[in-house]
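Student: Could you take me through one part of this structure slowly? I would like to look closely at a single spot and then see what lies around it.

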Amino acid sequence: MTATPTAPTASSRQLAPINPIQQLKAGHLPRRLVQLYVGLTLYGASMGLMIQGNLGLDPWDVFHSGITKHLPLSFGTVVIAVSFVVLLAWIPLRQWPGLGTISNAIVIGLVTNLTLATIDRPHALWLRIVFMLAGVVVNALAGALYIGAQFGPGPRDGLMTGLVRRTGLSVRLVRTAIEVTVLATGFLLGGSIGVGTVVYALSIGPLVHVLLPIFTVRLKRA
């Protein structure tokens with residue numbers, strides 16, 4: 001008996017499976033470019049806030065740190081290598097990379113470094129908690145902005161949107177499942193976790209589920 005797929009969510013219906021050339025010709029270009037780079041900038045800032053909060057990294061970075069304990073590679077090298085491995089998973093999902101995919105790897109890292117250079121790590125616990133919570137919320141907003149601009153998500157978010165489109169499951173369910181799986185694997189590899197890691201893993205899916213339909217730009221149909 002063939003299982004009946006669940007109805008697609010509003011966000012998965014609006015996200016268009018288009019190639020990079022079509023992304024540039026799909027209309028609303030000025031707004032989408034601004035939204036893309038504002039989103040990537042906020043994403044980098046959110047990562048800096050969570051790092052300076054020192055209460056736990058997001059699940060993917062727990063995974064990256066776990067890998068560095070078993071391979072003679074730097075943290076940045078592991079992040080790049082994992083990105084290419086994740087991109088291979090896009091092939092069966094028929095997920096197209098684009099300007100946003102490339103920009104993701106450049107802008108986020110630059111802004112994270114700038115944030116770490118300009119914002120000191122607080123000593124007070126309450127302020128560290130504020131940094132952590134702000135990092136999670138801003139991260140969700142940033143993800144919704146740059147994914148919704150429809151220039152191609154980053155490698156890890158592309159895995160999420162590809163699975164949402166192919167399975168018909170909600171963004172909330174798919175994103176949370178990915179984050180929890182990556183977190184568990186990173187922990188088993190020896191990566192460090194904290195309360196911020198748990199908060200991120202459990203809240204990022206529901207937050208993106210709410211925000212993504214709001215910021216997804218409807219593209220012109222060919």
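Tutor: Happy to! Let's start with a pair of charged side chains: glutamate 179 forms a salt bridge with arginine 175, and their closest N and O atoms are 2.7 Å apart. Keep in mind that we are looking at a predicted model. A search of the whole structure finds one salt bridge, and this pair is it. Both partners, glutamate 179 and arginine 175, sit in helix 9, which covers residues 171-188. They are four residues apart, about one turn of the helix. Are they buried or exposed? Glutamate 179 is buried, and arginine 175 is buried too.

Now let's follow helix 9 outward to its surroundings. Helix 9 is one of the helices that each supply at least two residues to the lining of the largest pocket. The others are helix 3 (29-53), helix 4 (59-68), helix 5 (75-93), helix 6 (99-118) and helix 8 (155-167). That pocket holds about 870 Å³ of space. It is lined by 34 residues, and the closest to its centre are Met47, Val79, Asn104, Ile108 and Arg156. What kinds of residues make up this lining? They divide into 19 nonpolar, nine polar and six charged. Helix 6 gives the most, with nine residues.

Since helix 6 has come up, have a look at threonine 101, which is found in this helix. Threonine 101 counts as buried because its relative accessible area is 8%, and the cut-off for buried is under 20%. Beyond its neighbours within four places in sequence, threonine 101 is in contact with Leu87, Trp90, Phe151, Gly152, Pro153, Gly154 and Pro155.

Helix 9 also takes us to the largest nonpolar core, which has 37 residues. Inside this core, the residues with the most contacts are Trp60, Val82, Met160 and Ile178. Helix 9 is among the helices that each supply at least two residues of this core, together with helix 3, helix 4, helix 5, helix 6, helix 7 (125-148), helix 8 and helix 10 (195-215). The largest share, seven residues, comes from helix 7.

Finally, try finding valine 82 on your screen. Not counting residues up to four places away in sequence, valine 82 touches Trp60, Phe63, His64, Ile67 and Arg156. Two of those names may ring a bell: Trp60 is listed with Val82 among the core residues with the most contacts, while Arg156 is one of the residues closest to the centre of the largest pocket.

Technical notes. Residues numbered from 1 in each chain as written. Predicted model: local features only at pLDDT ≥ 70, side-chain atom pairs only at ≥ 80, totals over all residues. Heavy atoms only, no water. Salt bridge = Lys/Arg side-chain N within 4 Å of Asp/Glu carboxyl O. Buried < 20%, exposed > 50% of the residue type's maximum accessible area, 1.4 Å probe, protein only. 1 Å grid on protein atoms, 1.4 Å probe; cavity = no way out; pocket = protein on both sides within 12 Å on 5 of 7 lines; lining within 4 Å. Points joined across faces, edges and corners; volume = space filled by probe spheres on them. Nonpolar A, V, L, I, M, F, W, Y, C, P; charged D, E, K, R; others polar. Core = buried A, V, L, I, M, F, W, Y, C linked by side-chain atoms within 4.5 Å. Contact = heavy atoms within 4.5 Å.
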